[in-house]
Amino acid sequence: MLLAELEVWHSRSIAPTRRVALGHRLLPVDPPPGFAGLLLGGIVATAGPDLDTDLQFALSELLVDIGAGRRIAQPRLRHRFQVDTHGLARTTHRLVGEGDLLRLESKGEGSPVSQALAAAYAAGSLPRAARAEVVAVLRRGLRWRGSTGPALFAHLASTGPSPGWSSMGYADPTRWALGILGLDGPGQDPPVRKEIQRAF
């Protein structure tokens with residue numbers, strides 16, 4: 001099941017200039033940071049280990065500026081952000097849910113720095129109410145060193161890895177919580193306060 005998607009347009013490896021642009025976006029942020037935060041944080045976490053110390057620092061500074069809603073001077077991280085996608089190559093990132101598991105799928109050959117930059121700019125295009133939380137997830141992604149498995153998504157969501165954590169917690173937090181408490185049986189009436197307290 002597709003939960004979030006980001007299409008990135010970037011310079012080809014043989015191009016003399018370094019450019020990046022955003023294409024199609026499916027970035028739900030309700031409740032913040034939503035699946036958008038997990039996808040964008042996953043992209044940054046995947047790219048982070050391939051960035052040298054200077055680029056990591058520059059990306060961290062850019063995220064601070066984006067979170068604060070500041071005007072972003074160009075170029076940043078040696079790349080120019082633009083709207084036009086003509087002549088650029090494409091990479092697509094998807095966050096896919098399979099039951100309680102999340103998986104990051106990427107298709108394309110964009111450089112790590114162009115993908116991390118695109119994730120940052122995509123965060124900046126989100127509604128202001130959700131932007132700060134999403135940027136915080138990207139900053140956690142920048143610190144990640146490990147595989148793109150369940151532990152990464154638990155880290156991005158600021159939870160410890162636990163068998164109770166699932167993608168449902170973002171998609172429908174009320175239903176997820178009722179499931180954890182065992183109060184979501186088929187045909188079951190909504191629980192009253194005392195039932196929730198007893199189950200808790």
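His10 stands opposite Val20 in strand 2 of this predicted model. That pairing belongs to a wider contact between two strands: strand 1 and strand 2 run antiparallel and are joined by five bridges. On from strand 2 comes strand 3, which runs parallel to strand 2 and is joined to it by two bridges. Here Arg19 stands opposite Arg80 in strand 3.

These pairings are part of an open sheet of five strands, in the order 3-2-1-4-5, with mixed pairing. Strand 3 and strand 5 are the edges of this sheet; each has a single partner strand, so one side of each has no neighbour in the sheet. At the strand 5 end, strand 4 and strand 5 pair in the antiparallel sense, over seven bridges. Glu98 has Leu101 in strand 5 as its bridge partner.

Strand 4 covers residues 89-98 and includes Thr91. Is Thr91 buried or exposed? Thr91 has a relative accessible area of 3%, under the 20% limit, and therefore counts as buried. Its side chain has polar atoms in reach of two backbone nitrogens. The backbone nitrogen of Glu109 is reached by the side chain of Thr91 at 3.4 Å. For the backbone nitrogen of Gly110, the distance to a polar atom of the Thr91 side chain is 3.2 Å. Leaving aside neighbours within four places in sequence, the contacts of Thr91 include Leu6, Glu7, Val8 and His10, and also Lys107, Gly108, Glu109, Gly110 and Gln115.

Glu7, one of the residues in contact with Thr91, leads on to the charged pairs. The count of salt bridges comes to six. One of them joins Glu7 to Arg90, with the closest N and O atoms 2.9 Å apart. Because Glu7 lies in strand 1 (residues 2-10) and Arg90 in strand 4, this pair ties together parts that are 83 residues apart in sequence. How buried or exposed are Glu7 and Arg90? Glu7 has 13% relative accessibility and so counts as buried, whereas Arg90, at 47%, counts as partly exposed.

Arg103 takes part in two salt bridges with named partners. With Glu98, the N to O distance is 2.3 Å. With Glu105, the closest N and O atoms are 2.2 Å apart. The three residues can be placed by their accessibility. Arg103 has a relative accessible area of 31% and is partly exposed. Glu98, at 47%, is partly exposed, and Glu105 counts as partly exposed at 30% relative accessibility. Glu98 has already appeared in the sheet, where its bridge partner is Leu101. Elsewhere, salt bridges link Asp65, Arg70 and Arg76 in a network.

From the charged residues the path turns to the nonpolar ones. In soluble globular proteins, nonpolar side chains tend to be buried together. In this model the largest nonpolar core has 48 residues, and Leu40, Leu59 and Leu95 touch the most other members. Several elements each supply at least two residues of this core. Among them are strand 1, strand 2 (19-26) and strand 5 (101-107). The helices that do so are helix 1 (34-47), helix 2 (53-67), helix 3 (112-124), helix 4 (128-142) and helix 5 (150-156).

Leu40 gives one view of the core from a single residue. Leaving aside its neighbours within four places in sequence, Leu40 is in contact with Leu6, Leu27, Ala119, Ala122, Ala123, Leu126, Val134 and Leu138. Leu6 is also among the residues in contact with Thr91.

The last feature is a pair of rings. A pair of aromatic rings is described by the distance of the centres and the angle of the planes. How many aromatic pairs does a search of the whole structure find? The search finds one. The rings are those of Phe81 and Tyr121; their centres are 4.1 Å apart and their planes are at 20 degrees, so the pair is stacked. Phe81 lies in strand 3 (residues 80-81) and Tyr121 in helix 3, so the pair ties together parts that are 40 residues apart in sequence. Phe81 is partly exposed, with a relative accessible area of 28%, while Tyr121 is buried, with a relative accessible area of 7%. Strand 3, which holds Phe81, is one of the strands at the edges of the sheet.

Key
Residues are numbered from 1 along each chain as its sequence is written. This is a predicted model: local features need pLDDT of at least 70, side-chain atom pairs count only at pLDDT 80 or more; totals for chains, interfaces and linings use all residues. Side-chain values use heavy atoms; hydrogens and water are left out. Helices (H or I, at least four residues) and strands (E, at least two) are DSSP runs, numbered from the N terminus. Buried means under 20% relative accessible area, exposed over 50%, partly exposed in between (1.4 Å probe, protein chains only). A polar contact is a pair of N or O atoms within 3.5 Å; within protein, one must be able to donate a hydrogen and the other to accept it, and residues adjacent in sequence count only if both atoms are side-chain atoms. Contact means heavy atoms within 4.5 Å. A salt bridge is a side-chain nitrogen of Lys or Arg within 4 Å of a carboxyl oxygen of Asp or Glu. A nonpolar core is a set of buried Ala, Val, Leu, Ile, Met, Phe, Trp, Tyr and Cys residues joined through side-chain atoms within 4.5 Å. Rings of Phe, Tyr and Trp (its six-membered ring) pair if their centres lie within 6.5 Å; planes under 30 degrees apart count as stacked, over 60 as edge-to-face and the rest as tilted. Two strands pair if DSSP finds at least two bridges between them.
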